[in-house]
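Work through the exercises below with the sequence and the model open. Each task is followed by a solution in steps.

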Amino acid sequence: QEFGEISIKDIDQVAKTSFPLCMRHLLEKVKEDHHLKHGGRMQLGLFLKGVGLKLDDALAFWKAEFAPKVSAERFDKEYAYNIRHNYGREGKRTDYTPYSCQKIISVTPGIGDHHGCPYRHFSEENLRAALVRMGVSSRAVEDVMDKVHNRHYQLACTLTFEAVHGSSCDAGINHPNQYFIDSQRVLQS
Ligand code: SF4
């Protein structure tokens, strides 16, 4: 279920308009820290693959983001294998699919991890601030928080989608890549 192709130079732009909060957060963190732990690399890396980032671009993306902290040599040795693996080019050659919301919501991020679902794993304060940064109105923030308090995390994400796109999402959000595709549909219509 792919939506065309994107190249590295498009990532920031489409992230701003069409990435769900979980992926915006991971992208922000990798740009800030020039590193992401394994869980974050898997969650964001497979999502980007689903969005249409080709293997060569994925390798170049991670290498460039890690460059301030990780030498090219160390990158090739320690990180490139896993990225190729996610694209089915190493090991059992399984083509790994991006994680669903259910899977992301059910993880338990450790200290220093940035993967997971912000609606479930952020503190209330951080979540509210993140929603405001996404441009969600204060009224809609309260509706989102209401869902969060009732542990309806995917509904909270759906309400966020509707608030930032000004368009309804009747099917509800159940996959980060579906969020992306639905967003692109709204923006291109
Ligand atoms: Fe990401 Fe799904 Fe959580 Fe939305 S509900 S932030 S798409 S994991």
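**Exercise 1. State how the protein is divided into domains, and describe the contact between them.**

Step 1. In this predicted model, the protein is split into domain 1, residues 8-86, and domain 2, residues 101-188.

Step 2. Between the C-alpha centres of domain 1 and domain 2 the distance is 21 Å. To the contact, domain 1 gives 18 residues and domain 2 gives 20 residues.

Step 3. On the side of domain 1 that touches domain 2, at least two residues come from each of α1 (11-18), α2 and α3 (38-51). The residues of that side are 9 nonpolar, 7 polar and 2 charged.

**Exercise 2. Describe the overall make-up and dimensions of the protein.**

Step 1. Count the elements: the protein has 12 helices and 0 strands. Read from the N terminus, the order is therefore α-α-α-α-α-α-α-α-α-α-α-α, with helices counted as DSSP runs.

Step 2. Take the box along the principal axes: the C-alpha atoms fill roughly 50 × 40 × 30 Å.

Step 3. Compare the radius of gyration with the globule rule. A compact globule of 189 residues would have a value near 16 Å, and the protein has 16 Å, so the two agree.

Step 4. Look at burial and contacts. Of the 189 residues, 33% count as buried. Among contacts between residues at least 6 apart in sequence, 58% join residues at least 24 apart.

**Exercise 3. Find the shell around the ligand and say which parts of the chain build it.**

Step 1. The ligand is surrounded by 15 residues, and the closest are Pro20, Cys22, Cys101, Cys117 and Cys157.

Step 2. Assign the shell to helices: α2 (21-33), α7 (101-105), α8 (118-121), α11 (153-165) and α12 (176-188) each provide at least two of its residues.

Step 3. Assign the shell to domains: domain 1 (8-86) and domain 2 (101-188) each contribute at least three residues.

Step 4. Sort the shell by residue type: 14 residues are nonpolar, 1 is polar and none is charged.

**Exercise 4. Which positions does UniProt mark as "binding site", and how far do they spread in sequence and in space?**

Step 1. The unreviewed UniProt entry places the feature "binding site" at Cys22, Cys101, Cys117 and Cys157. These positions are spread over 136 residues of sequence, yet they cluster in space, with a largest C-alpha distance of 9.9 Å.

Step 2. Place two of these cysteines. Cysteine 101 is in helix α7, while cysteine 117 sits in the loop between α7 and α8.

Step 3. Decide on burial. The cut-off for a buried residue is 20 or more other C-beta atoms within 10 Å. Cysteine 101 has 22 such neighbours, so cysteine 101 is buried. Cysteine 117 has 25, so cysteine 117 is buried too.

Step 4. List the contacts, leaving out residues up to four places away in sequence. Cysteine 101 touches Cys117, Gln154, Ile173, Asn174, His175 and Pro176. Cysteine 117 touches Cys22, Cys101, Ile104, Ile105 and Tyr153.

**Exercise 5. Compare separation in sequence with separation in space for two residue pairs.**

Step 1. Isoleucine 181 and glycine 4 are 177 residues apart in sequence, and their C-alpha atoms are 9.9 Å apart. Isoleucine 181 belongs to helix α12 and is partly exposed, because 18 other C-beta atoms lie within 10 Å.

Step 2. Aspartate 76 and phenylalanine 47 are 29 residues apart in sequence, and their C-alpha atoms are 21 Å apart. Aspartate 76 belongs to helix α5, residues 72-78, and is partly exposed, because 13 C-beta neighbours lie inside 10 Å.

**Exercise 6. Examine the backbone phi angles of histidine 34 and arginine 151.**

Step 1. Recall the general rule: most residues other than glycine have a negative phi.

Step 2. Histidine 34 is not a glycine, but has a positive phi of about 55°. Histidine 34 lies in the loop between α2 and α3. With 14 C-beta neighbours inside 10 Å, histidine 34 counts as partly exposed.

Step 3. Arginine 151 is not a glycine either, and has a positive phi of about 60°. Arginine 151 lies in the loop between α10 (138-149) and α11. With 11 other C-beta atoms within 10 Å, arginine 151 is exposed.

Key. Residues numbered from 1 in each chain as written. Predicted model: local features only at pLDDT ≥ 70, side-chain atom pairs only at ≥ 80, totals over all residues. Near = placed C-beta within 6 Å. Helix = DSSP H or I, 4+ residues; strand = E, 2+ residues; numbered from the N terminus. Nonpolar A, V, L, I, M, F, W, Y, C, P; charged D, E, K, R; others polar. Domains from an automatic or database assignment. UniProt positions renumbered as here; feature names shortened; annotations may be inferred. Buried ≥ 20, exposed ≤ 12 C-beta atoms within 10 Å, placed from the backbone. Contact = placed C-beta atoms within 7 Å. Rg over C-alpha atoms; globule rule 2.2 N^0.38 Å.
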